Each structure stands twice: as C-alpha cells, then as structure tokens.
Amino acid sequence: METVIVKDIVIVGAGIAGLTTSLGLHRLGIESLVLESSDSLRVGGFALTVWENAWKALDVVGVGTILRHQHLQLHGNVTTSLVMGQQTSTTSFMDNKGKYGAREVRCIGRNLLLEALANELPNGTIRYMSKVVAIEESGFSKILHLVDGTTIKTKVLIGCDGVNSVVAKWLGFKEASYTGRYATRGYAELKTTHNLEPMFMQYFGKGFRAGAIPCDEKSVYWFFTWTPINQDKELAQDPAKLKQYVLNKLEKMPSDVKHFIENTELDAFQSAPLRHRHPWELMMGNISKGNVCVAGDALHPMTPDLGQGGCSALEDGVVLARCLAEAFSKKPKEEEEEEEEYKRIEEGFKKYAKERRWRCIDLIIANYFVGSIQESGSKLVNFFRDKILATYLASQLLKKSNFDCGKLKNSP
C-alpha cells in the first residue's frame, strides 16, 4: 500500500526564496518541508550582489551578521566606458554621515548564503532528491507526486522551484521568455590578497556589459553579458573558447581587473541565456490560487542588470512567511477547521500577491530598460549612455534597492 506523507506546508525548491520562506516560518514557530530535486544545495552563478533591501531581509530572518563577517563592504560603484576609454560615473555607498553601512552593499558567495539559511533550519526540513512531477487537488489539500514515487499531501504549496517552475506552470504561467542576451559569470579565488579597492566596477562596451566585484580579500566575482550572433551561441558549450571570446571583447579593460578573468579556472566559468517574465504576465496572471503560490524566480525571473533577482527573492521570503503565519495564527472551531483554514491561507496568499505584484513588475521593467541601454550595440545609444545617462543608470542601482520588505510580524 502506498505511503502518503502529510505536511501542513510544502515548499518546492531549496534556493534563496524557498529557504528564506522556510526560515521565516521557522522563526515564527511554524514548520515546513522543503523539497529539493538535487542531492545537495544547488549553487548557480557563484556569487550575487546583496543590496541594502536584501540585508534588511537577511537581518529579519537572522543570518545577516553571519554573512557580513565573511564578505567585504563595498564603498561605491565606478562605471567605465571601454568605447571612450574613461570613467563615466562614480557613485558612493557612503551615507550622509560619512559612514558605510546605511547603503550596505556586499558581493556574497551563493553557497555561503544558502548554507547560512539552511544551517538555521531544523534537521530534516530539507528533503533532497525530491523532484515534483505532478500536482493534483484533493478537497482542500494538494497532492504532490515525486519522481521516486513518493506522494505528499499538504495544506499549503509554495513554488520556489526556479525559472522552470512546475508550480508556476500549474498556476497558468508560461515559460519565462528569452531576452536574446547571454550572461557569463566567473569566480577567481587567489592564494594571496587581490589588493582591489572594495568597489563595484562596471565596464560598458559596444554590445556588452562587464563587471568585477571583490567578495572578500582573496576572491573576485566577475560577469560579462552580451547579445550573441548565431555562431556565438555555441561558445556557451566550450569554456576555453568562451574565455578567449570574453578576453578579446575586454581587451581595453584595465589589466589589473582583467587579470582575474585570465586566472579564472575553466570549471569556474558559467554561461546561460538570460530570461525574464513579461510584466503583463504578472499583471494578469495568478501569483496565487487557493492554497498555492510562487516566489523567487518561479514568480519573477528578471535580467541581472540591477542585481535584484536574488535580493527580491529574499524580500519574497519575508513577506510570504509573514502573510502565511497570519493565516495559521488563529484556530477555528473543530467542525469548521479545514474550510476556514483554507480560506485564511487563500487570503494570506492574496495579501502576499498584492504586496509583491507591483514591486516585481517594477524591477523586471527597470532591469530590462537599464540592460538594453547598457548593452546596446548602437553608436547613438552608446553616445547617450556614456555622455548623458551614465550617472542616471548608476543611480538606479541604489534607487531600486531603497526598499524595506518589513518584519516577520506586523506591528499591532
């Protein structure tokens, strides 16, 4: 006879959004089960820039201090045009009192972020090798079928399963759209200190955008985004050719920065097409339906031009935990329990969807707009980018990170 596992809350995906949601619920005394399809925490992209909005979320769930001690505080952003051969903007992350911290920005290792979140969860919260292949309804519950034949029954289903989300598809979302752009990322780990200033360094060329950011004293994260022609798309499958392609494009980059790309091992290269969800899909689509919702890349895949993909996933986790905890805070009469609880969960998810919808739409549009200008191959657009819009484009990094997702509990 088939064994059915019964859980109140199931989160699909042990990425940033899934682990943040689970940890937020745990802080509020609510258990959840996180299903991860791989055999360990998956790390894609090596590192991410964590802006002030994300640090607020990390502090709310109690892991901010751990990560601060492992990563450098960045002092500002410097933008250089490789077309003009000169700096086009400089933005300080210093506050009005001349201190760093209020505009807190650090580049942190994805593995360290996921481990920090996972280590705060009770043992057994994450179930690995648990790929969901089908979802069906059963009264007020959802039945999940896993690839290994396991069946799980749950009152709440949260999809944090990335850009190819099974849960998002169940809610009616289409697959995320390809932008025509690619991103290559790398991570250089040195035996000695790199001696770079703690700055977010960006470089714009004709048809590409690149950057380098120190994570700690001995490691540097870098990225390169571009719009390939047909034959260039094959480069993603050949790290050696890809590395040479990137270095050729960045021949005018300062040698002390390009050095880190040159010294990145081939197994520390990653390349993938950039995808996003069209804003009108979030305007019209179901972020939640009954006792099912989505968060993170399952909800709002976006281009990386403002560094808000992972940051907004952290925001999602805090808001979602808060809204869901409110639904579980009241105990109805026994005879009404199942239906009344379902209604409260549904209302909690509607509240979450209302709170997150326009924030996500704004970020998707802003990233796409900024990326289109920064990475343009047009001489006219490059002229405006480098001569007129440089300071404005850099300011969007701080503007979009000036956001507070709130606490886990609403103030009375």
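This briefing walks through the overall build of the protein, one helix pair and one pocket. The model is predicted. Its secondary structure comes to 12 helices and 17 strands. A good place to start is the overall dimensions, before turning to helix H1, which packs against H9 and also supplies residues to the lining of the second largest pocket.

**Overall dimensions**
- The radius of gyration is 22 Å, which agrees with the value near 22 Å that a compact globule of 412 residues would have.
- The C-alpha trace spans about 75 × 50 × 45 Å along the principal axes.

**Helix H1 against helix H9**
- H1 covers residues 16-27 and H9 covers residues 309-328.
- The two helices pack at an angle of about 35 degrees, and their axes lie 8 Å apart.
- Their crossing is right-handed.
- On the H1 side, the contact is made by Ile16, Ala17, Thr20, Thr21, Gly24 and Leu25.
- Residues they meet in H9 include Gly310, Ala313, Leu314, Gly317 and Ala321.
- Sorted by class, this contact holds 10 nonpolar and five polar residues, with no charged residues.

**The second largest pocket**
- This pocket has a volume of about 270 Å³.
- It is lined by 16 residues, and those closest to its centre are Lys7, Ile30, Glu31, Ser32 and Leu33.
- Strand E1 (4-12) and H1 each supply at least two residues of the lining.
- E1 gives the most, with three residues.
- The lining has six nonpolar, six polar and four charged residues.

Note on methods. Residues numbered from 1 in each chain as written. Predicted model: local features only at pLDDT ≥ 70, side-chain atom pairs only at ≥ 80, totals over all residues. Heavy atoms only, no water. Axes fitted to C-alpha atoms, helices over the stretch in contact; angles between N-to-C directions. Helix = DSSP H or I, 4+ residues; strand = E, 2+ residues; numbered from the N terminus. Left-handed = near helix turned anticlockwise from the far one by under 90°. Contact = heavy atoms within 4.5 Å. Nonpolar A, V, L, I, M, F, W, Y, C, P; charged D, E, K, R; others polar. 1 Å grid on protein atoms, 1.4 Å probe; cavity = no way out; pocket = protein on both sides within 12 Å on 5 of 7 lines; lining within 4 Å. Points joined across faces, edges and corners; volume = space filled by probe spheres on them. Rg over C-alpha atoms; globule rule 2.2 N^0.38 Å.
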